[in-house]
Amino acid sequence: MMLDGFMMYLLSSAGSILNQAHTEVYQDMSQPLCHYFISSSHNTYLTDNQIGGTSSTEAYIRALMKGCRCVELDCWEGSNGEPIIYHGHTLTTKILFRDVIECIRDYAFKHSSYPVILSLENHCGVEQQSIMARHMKTILGDMLLTEPLDGNMPKQLPSPERLKWKILVKGKKLPEDKSDPERVSYISNPEEDMDEEDDEKAKDAAQISRELSDVVVYCSSIPFRSLSHAQRHQKPTEMSSFSERKARKLIKESANTFVRYNTQHLSRIYPLGLKMNSSNYNPQEMWNAGCQLVALNFQTPGAEMDLNDGRFSVNGQCGYVLKPAFLRSHQSAFDPEAPRRGAGQRPVSVTIKVITAQQLPKLNKEKNSSIVDPFVRIEIYGVPIDCCKKQTEYRLNNGFNPCWNETLTFQVRVPELALVRFVVEDYDTTSANDFVGQFTLPLPSLREGYRHIHLLSRDGASLSPATLFVHVKRKKM
């Protein structure tokens with residue numbers, strides 16, 4: 001092989017640091033929905049911040065085309081009898097509920113054939129709720145799941161495989177009452193209101209339309225009282241939502257119990273409402289406890305979305321990633337706050353030699369002297385004991401082919417949950433370092449040997465031909 005051919009080989013998918021077998025759907029997709037991490041979006045309709053940003057169907061298209069499988073619809077009373085979607089009581093623009101449903105119909109399964117969950121935040125009156133239900137039935141047709149798959153409510157949730165090409169609705173469900181076919185009052189549980197005082201939204205509607213209730217099958221929203229109450233009384237088809245603050249409290253105080261809860265029930269986590277700029281929280285701490293629907297603001301780039309993109313970059317980017325075995329057993333002894341050897345984890349030592357980079361972009365192309373002073377930082381995200389960051393020295397004025405030949409070593413106790421993030425930054429002596437590019441992937445998908453890393457921009461776009469060249473070695477501890 002000639003030198004040019006060898007270089008092409010190293011830069012091809014065969015030389016990628018990401019295991020190419022994991023770029024296809026390779027995991028078991030026949031387990032219950034609650035056994036998967038599910039790519040989830042918060043305030044999906046927004047293209048900017050949640051105070052005065054623009055609402056758009058384009059935001060739904062972008063999320064769905066990235067493999068997102070749970071999108072949020074904030075539904076409010078609209079004029080002319082048509083429900084609208086926007087961030088209530090703010091200056092965000094408004095879009096029609098009907099237009100969003102048409103958009104979801106057209107794009108739900110262009111990127112992935114696995115089920116999409118519509119997370120409804122329902123602030124409409126009973127009449128417009130019924131209109132919402134009719135729009136979903138008329139526009140989505142057979143895509144919309146309106147009955148249990150086998151006619152009866154199961155003892156566990158169905159699998160993504162069985163729900164392929166289906167759209168599920170998450171919302172409040174009325175108790176069966178044949179004497180009241182039109183509507184039944186639904187009284188919000190006061191405990192829910194106290195528990196979620198940091199929720200940015202007004203509470204859901206106090207009355208629920210029977211028509212809207214009937215399209216909720218496997219994702220029935222209920223107030224959360226306590227883990228002990230949920231373990232005794234909650235059905236598999238019932239689920240609760242938690243603010244990031246409430247989820248952190250549960251993890252800190254009852255981590256293993258929360259892990260066991262998440263082996264049988266879906267949990268949706270959402271950002272605090274106090275974040276005016278729609279910033280995100282670290283999703284890793286929620287995945288550590290087995291939470292499935294860890295909803296992020298897809299419109300806000302940054303390290304948190306890098307982690308989300310990395311988590312779901314595998315399994316064919318289908319939006320579903322099977323949780324490790326110790327997060328699927330209802331008798332699990334796993335505690336992310338204090339992981340013990342023997343609870344299903346296999347600790348590893350990862351040694352990465354950062355060799356060189358190629359063709360790093362100029363950060364300010366208008367300046368002739370804008371050549372970067374690059375350094376590489378490698379970050380491990382996982383259970384708290386595994387979280388670690390190490391970096392190389394910087395190289396002065398060399399974005400074309402900086403060379404480091406520096407070796408960084410990491411001890412990872414729970415590799416099944418860990419993500420590895422490679423970050424290149426421009427060193428600055430007088431102010432904050434500037435971001436150049438990054439690439440994030442799950443540690444189990446990290447390939448050994450000499451590998452190229454194709455860098456991505458802050459919003460996830462390719463920075464081709466910018467790459468890192470590294471050598472990876474992994475061994476059991």
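How accessible is Met-7, buried or exposed? Neither: Met-7 counts as partly exposed because its relative accessibility is 38%. Buried means under 20% relative accessible area, exposed over 50%, and partly exposed in between (1.4 Å probe, protein chains only).

This is a predicted model, in which local features need pLDDT of at least 70, side-chain atom pairs count only at pLDDT 80 or more, and totals for chains, interfaces and linings use all residues. Residues are numbered from 1 along each chain as its sequence is written, and side-chain values use heavy atoms, without hydrogens and water.

**Stop 1: the N-terminal patch**

Stay on Met-7, in helix α1 (residues 3–11). Helices (H or I, at least four residues) and strands (E, at least two) are DSSP runs, numbered from the N terminus. Now add Met-1, Leu-3, Phe-6, Tyr-9 and Leu-11: with Met-7 they form a nonpolar surface patch of about 650 Å² accessible area together. Patch members have over 30% relative accessible area and no salt bridge; nonpolar side chains (Val, Leu, Ile, Met, Phe, Trp, Tyr) are joined within 5 Å, like charges within 9 Å. Areas come from the Shrake-Rupley method with a 1.4 Å probe, and for residues only the protein chains shown count as cover.

**Stop 2: cysteines**

Select Cys-103, which is buried at 6% relative accessibility. The closest cysteine sulfur, in Cys-68, is 12 Å from its own, too far for a bond. A disulfide needs two cysteine sulfur atoms within 2.5 Å. The structure holds zero disulfides. Cys-403 is partly exposed, at 40%.

**Stop 3: salt bridges**

The count is 16 salt bridges, each a side-chain nitrogen of Lys or Arg within 4 Å of a carboxyl oxygen of Asp or Glu. Select Glu-72 and Arg-268: their closest N and O atoms are 3.6 Å apart. Glu-72 is in strand β3 (residues 70–76) and Arg-268 in strand β12 (residues 267–270), so the pair ties together parts 196 residues apart in sequence. Both residues are buried.

Go to Arg-377 and Glu-379, which meet at 2.7 Å, N to O. Arg-377 is buried at 14% relative accessibility, and Glu-379 is buried at 1%.

Next, pick Glu-406 and Arg-395, a salt bridge with closest N and O atoms 3.7 Å apart. Glu-406 lies in strand β18 (residues 403–412) and Arg-395 in the loop between β17 (388–391) and β18, so the pair ties together parts eleven residues apart in sequence. Glu-406 is buried at 17%; Arg-395 is partly exposed at 26%. Finish by selecting Asp-306, Arg-377, Glu-379, Arg-421 and Glu-425, joined into one network by salt bridges that share partners.
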